[in-house]
Amino acid sequence: MKRAYLLMLLLSACTVAPLGPDGLPVKASPGASGQPLGVPSAGAASVPEARPVVKVTGVLGAPCSTLGGSYGNTCFQDGAFKDATFDTARGLTIGQDGAIYILDEYNRSLRRASTDGQVTTLAGNNTYYAYDPSNDGTGKAADFRHPQGIVSDPRGPLWITEDSKVRRVTLAGEVTTVAGGDATGYADGTGADARFNDLRGVAIAADGSVVVCDRLNNCLRRITSAGEVTTLAGAPQAGSADGPGGQARFYHPTGVALAKDGLLYVTDTGNHLIRRVARDGTVSTFAGSGGVANTATDTADIQKNVVDGPAATATFGSPELIAADPAGNLYVDDLNFTRLGGEQKQAVTRVIRRVAADGSVVTVLSANDKVLAGVSNFTPGGLMCDGRGNLFITMTDKLENAVLQVGF
């Protein structure tokens, strides 16, 4: 069955006025027990759901078969949804104007998919340089260096992470560096005095601050609109300890999302866990049994990857991207390692897992599924849920459609 291009009806249905980042409420009301909605009471049973029926309901962007280098090639075309091309689509978000904004990493640009079915370039350009500039400016005068994460601020602008900078972009295309600089490192401070190392996911916390995953510094950083940077949780020393912000530890946190309960959820990639972060920075393990896995010579670890089930026994291979839907579910991009026979042979498959409000985990989409029969290389680069619960997945392979729209 031929897939439809992303329907303008679905885009226009993403009402943003009463919603926060990624179509979710900024704050949630507490439940009758006094604890946030979506958080199970002590002793509550965690029962995994059956695998749902998944449909690819739309696509955006044309496959681009142009060969050659990443910069300056012809995989950079604006136009109708079916004609636009991208080169390594990454994070995406719904702006306060109802459009979908998509990071185009190797075109060093921010693209806008509007409700009238057209893709335009809001900021950045794909001019070839012998080095990667990262300049502020408006529209084509701005540059991005390997942009990764993006989130829409209920107050209007978009926030973008790239390497060692946090950028703010207005819906008019004005790009400003709010914190960080070209040099990597670890330092709290204001504006250019702050240092980051391999920024990835970004979310707007319930208090309105910007929270980013500082992956190689093994921590979450908080940024105010004035550019003041503090460490919310974690420290440069890797670990897996739960506890108050400064005592908690992560091992390469990669993705972060604000969920319906008003709390932040983080993919702790190196620890194979999903962590929950309270408003004061206290970290707890939400889902996954953890442990270091994935070595080709360890049969037990290979078999341990991507096991569905209750929160305490489910396992993750290498969770990275994460998104939250309006119902309180999390969607996580993960890696499944499968033994092919012989201790040195294994296959790696990208999968999407759904983590329910009680922490139970079920795999909802795999690269091997028939619904993805038309996708040769399932390589997610970004995840987003809209206000109706549709899941949007960007593809990093420019030979594929840039965005898949998935319904359940």
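Rings, strands and sulfur atoms

Guide: In this predicted model, Arg354 lies over the face of Phe408, at 5.1 Å from the ring centre.

Visitor: What makes the distance of Arg354 from the ring centre of Phe408 acceptable for that description?

Guide: The CZ atom of an Arg has to be within 6 Å of the ring centre and within 35 degrees of the ring normal, and Arg354 is at 5.1 Å from the centre of Phe408. Arg353 likewise lies over the face of Phe316, where the value is 5.0 Å.

Visitor: How many aromatic pairs are there?

Guide: The count comes to two aromatic pairs. One of them joins Tyr265 and Phe286, with 4.9 Å from centre to centre and 70 degrees between the planes.

Visitor: Why is the pair of Tyr265 and Phe286 called edge-to-face?

Guide: Ring centres must lie within 6.5 Å for a pair, and planes over 60 degrees apart count as edge-to-face; Tyr265 and Phe286 have 4.9 Å and 70 degrees, and are edge-to-face. Tyr265 belongs to strand β18 (residues 264-268) and Phe286 to strand β20 (residues 283-287), so the pair ties together parts that are 21 residues apart in sequence.

Visitor: Is Tyr265 buried or exposed, and how do you know?

Guide: Buried means under 20% relative accessible area, and Tyr265, at 2%, counts as buried. Phe286 has 9% relative accessibility and counts as buried.

Visitor: What makes Tyr331 and Phe408 a stacked pair?

Guide: The planes of a stacked pair are under 30 degrees apart, and those of Tyr331 and Phe408 have 20 degrees between them, with 5.2 Å from centre to centre. This pair links distant parts of the chain, 77 residues apart, with Tyr331 in strand β22 (residues 330-339) and Phe408 in the segment after β27 (403-407).

Visitor: Why is Phe408 given the label partly exposed?

Guide: Partly exposed is the class between under 20% and over 50% relative accessible area, and Phe408 is partly exposed with 37%. Its partner Tyr331 is buried, with a relative accessible area of 1%.

Visitor: How do you know that β26 and β27 pair?

Guide: Two strands pair if there are at least two bridges between them, and strand β26 (residues 391-395) and β27 have four bridges in the antiparallel sense. Within this pairing, Ile393 has Leu404 in β27 as its bridge partner. The open sheet has four strands in the order β1-β27-β26-β25, with antiparallel pairing.

Visitor: What makes β1 and β25 the edges?

Guide: Strands β1 (55-60) and β25 (380-385) each have a single partner strand, so one side of each is left without a neighbour in the sheet. On average, and with direction ignored, neighbouring strands of this sheet are turned by 25 degrees against each other.

Visitor: Why is the link of Cys64 and Cys75 called a disulfide?

Guide: A disulfide needs two cysteine sulfur atoms within 2.5 Å, and those of Cys64 and Cys75 are 2.0 Å apart and form one. A search of the whole structure finds one disulfide. The link of Cys64 and Cys75 is left-handed, with -85 degrees about the S-S bond. Both Cys64 and Cys75 sit in the loop between β1 and β2 (79-80), eleven residues apart. Cys64 is buried with a relative accessible area of 5%, and Cys75 counts as buried at 0%.

Visitor: Why does the sulfur of Cys219 have no bond with the one in Cys213?

Guide: The limit is 2.5 Å, and the sulfur of Cys219 is 9.4 Å from the closest cysteine sulfur, in Cys213, which is too far for a bond. Cys219 is buried, with a relative accessible area of 0%.

Note on methods:
Residues numbered from 1 in each chain as written. Predicted model: local features only at pLDDT ≥ 70, side-chain atom pairs only at ≥ 80, totals over all residues. Heavy atoms only, no water. Phe/Tyr/Trp six-rings, centres within 6.5 Å; stacked < 30°, edge-to-face > 60°. Helix = DSSP H or I, 4+ residues; strand = E, 2+ residues; numbered from the N terminus. Buried < 20%, exposed > 50% of the residue type's maximum accessible area, 1.4 Å probe, protein only. Axes fitted to C-alpha atoms, helices over the stretch in contact; angles between N-to-C directions.
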